[in-house]
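This report walks through selected local features of one chain, moving from backbone geometry to ring pairs and charged contacts. Please keep the sequence and the model in view while reading.

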Amino acid sequence: MSEPLPPTRWALGGAKNVGYGERFAELIEQGEDVFGEARLADAMLARGSRVLDAGAGMGRVGAYLLDHGHRVVAAEPDPALVAQARRTWPGLEVLPLEILALSPDALATAGAPDAYDLVVCVGNVLTFLAEDTEVAVLERLGSLLAPGGRILAGFHLQRGPASARTYPPDEFVADATAAGLRVDHRFGGYDLRPVDDLYAVWVLSRA
């Protein structure tokens, strides 16, 4: 029997995280643009690509990519967000799993691909991981890449969510390297603006 996964910072945040799903639902209802990450992801892909949305939240990125012709699997462990994603976008395949639970066997059991052209891990997911699991998570994401596949990741460097950690760029690069990944690009946002000290967008591939 496998050991239970350690609790993530998101899970430990409890009430501090309340309102995330509702806020995005309101923004979408108001017609706000909440798909910047997804547009960049789509630009990186050929039509019909396989995409894993790791830490999908309420499903907005995965749903956009699904609507644009990709084969999308979303993974999200928070039961409330899984329910919201399935309710908001019934066509989106959402697996109620943490990233470290995304083994080939688990994906096969769910009828999902075991290799992806792009893994999307945005919205501060990497700053909400369980303590000391960063390298293991990046390793797992890298193991799910198809040949030539890439990872699109992004998180706040400052002014992030209250229950998230601060993840300095040099520490992230060291963790990615330890996980067998290479940093291909770094930007200051999903509009590909220059590097800054507030937010980091990364494109990674296998080293």
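Is Asn124 buried or exposed, and what is its relative accessible area? The model is a predicted one, and in it Asn124 counts as buried because its relative accessible area is 7%, under the 20% cut-off.

## Two residues with positive phi

Most residues other than glycine have a negative phi. Asn124 departs from this pattern, with a positive phi of about 70 degrees although it is not a glycine, and its place is in the loop between strand E4 (116-121) and helix H7 (134-143). Arg159 likewise has a positive phi, near 60 degrees, and is a residue other than glycine; this arginine belongs to the loop between strand E5 (145-156) and helix H8 (169-178).

The two residues sit in opposite classes of accessibility: Asn124 is buried at 7%, whereas Arg159 is exposed, with a relative accessible area of 71%.

## The surroundings of Asn124 and Thr127

A polar atom of the Asn124 side chain lies 2.7 Å from the backbone nitrogen of His156. When residues up to four places away in sequence are set aside, Asn124 touches Gly154, Phe155, His156 and Pro161.

The backbone oxygen of Asn124, for its part, lies 2.8 Å from a polar atom of the Thr127 side chain. Thr127 is also found in the loop between E4 and H7, and it counts as buried because its relative accessible area is 1%, under the 20% cut-off. Leaving aside its neighbours within four places in sequence, Thr127 is in contact with Arg9, Phe155, His156, Ala164, Arg165 and Tyr167, so that Phe155 and His156 appear among the contacts of Thr127 as well as among those of Asn124.

## Aromatic pairs around Trp202

How many aromatic pairs does the structure hold? There are 7, and one of them is the stacked pair of Phe155 and Trp202, with 6.4 Å from centre to centre and 25 degrees between the planes. This pair links distant parts of the chain, since Phe155 belongs to strand E5 and Trp202 to strand E7 (residues 199-206), 47 residues apart. Both Phe155 and Trp202 are buried.

Trp202 also pairs with Phe172, in a tilted arrangement with 4.6 Å between the centres and 40 degrees between the planes. Here too distant parts of the chain are linked, with Phe172 in helix H8 and Trp202 in strand E7, 30 residues apart. Phe172 counts as buried because its relative accessibility is 0%, and Trp202 does so because its value is 2%. Ring pairs link Phe155, Tyr167, Phe172 and Trp202 into a cluster.

## Arg165, between ring and carboxylate

The charged end of Arg165 sits over the ring of Tyr167, 4.1 Å from the ring centre, and Tyr167 is itself a member of the aromatic cluster. Arg165 also forms a salt bridge with Glu134, in which the closest N and O atoms are 2.9 Å apart. Because Glu134 lies in helix H7 and Arg165 in the loop between E5 and H8, the pair ties together parts that are 31 residues apart in sequence.

Which accessibility class do these two partners fall into? Glu134 counts as buried, at 6% relative accessibility, and Arg165 is buried as well, with a relative accessible area of 16%. The bridge between Glu134 and Arg165 belongs to a network of salt bridges that links Arg9, Glu134, Arg165 and Glu171.

## Other salt bridges

Side chains of opposite charge can pair when their charged atoms come close. A search of the whole structure finds 10 salt bridges, among them the one between Arg60 and Glu37, whose closest N and O atoms are 2.8 Å apart. Arg60 lies in helix H4 and Glu37 in helix H3 (residues 36-43), so this pair ties together parts that are 23 residues apart in sequence. Both Arg60 and Glu37 are buried.

The side chains of Asp191 and Arg193 meet in another salt bridge, at 2.9 Å from N to O. Of these partners, Asp191 is exposed, with a relative accessible area of 54%, while Arg193 is partly exposed at 37%.

Key:
Residues numbered from 1 in each chain as written. Predicted model: local features only at pLDDT ≥ 70, side-chain atom pairs only at ≥ 80, totals over all residues. Heavy atoms only, no water. Helix = DSSP H or I, 4+ residues; strand = E, 2+ residues; numbered from the N terminus. Buried < 20%, exposed > 50% of the residue type's maximum accessible area, 1.4 Å probe, protein only. Phe/Tyr/Trp six-rings, centres within 6.5 Å; stacked < 30°, edge-to-face > 60°. Lys NZ or Arg CZ within 6 Å of the ring centre and 35° of its normal. Polar contact = N/O pair within 3.5 Å; in protein donor to acceptor, adjacent residues only side chain to side chain. Contact = heavy atoms within 4.5 Å. Salt bridge = Lys/Arg side-chain N within 4 Å of Asp/Glu carboxyl O.
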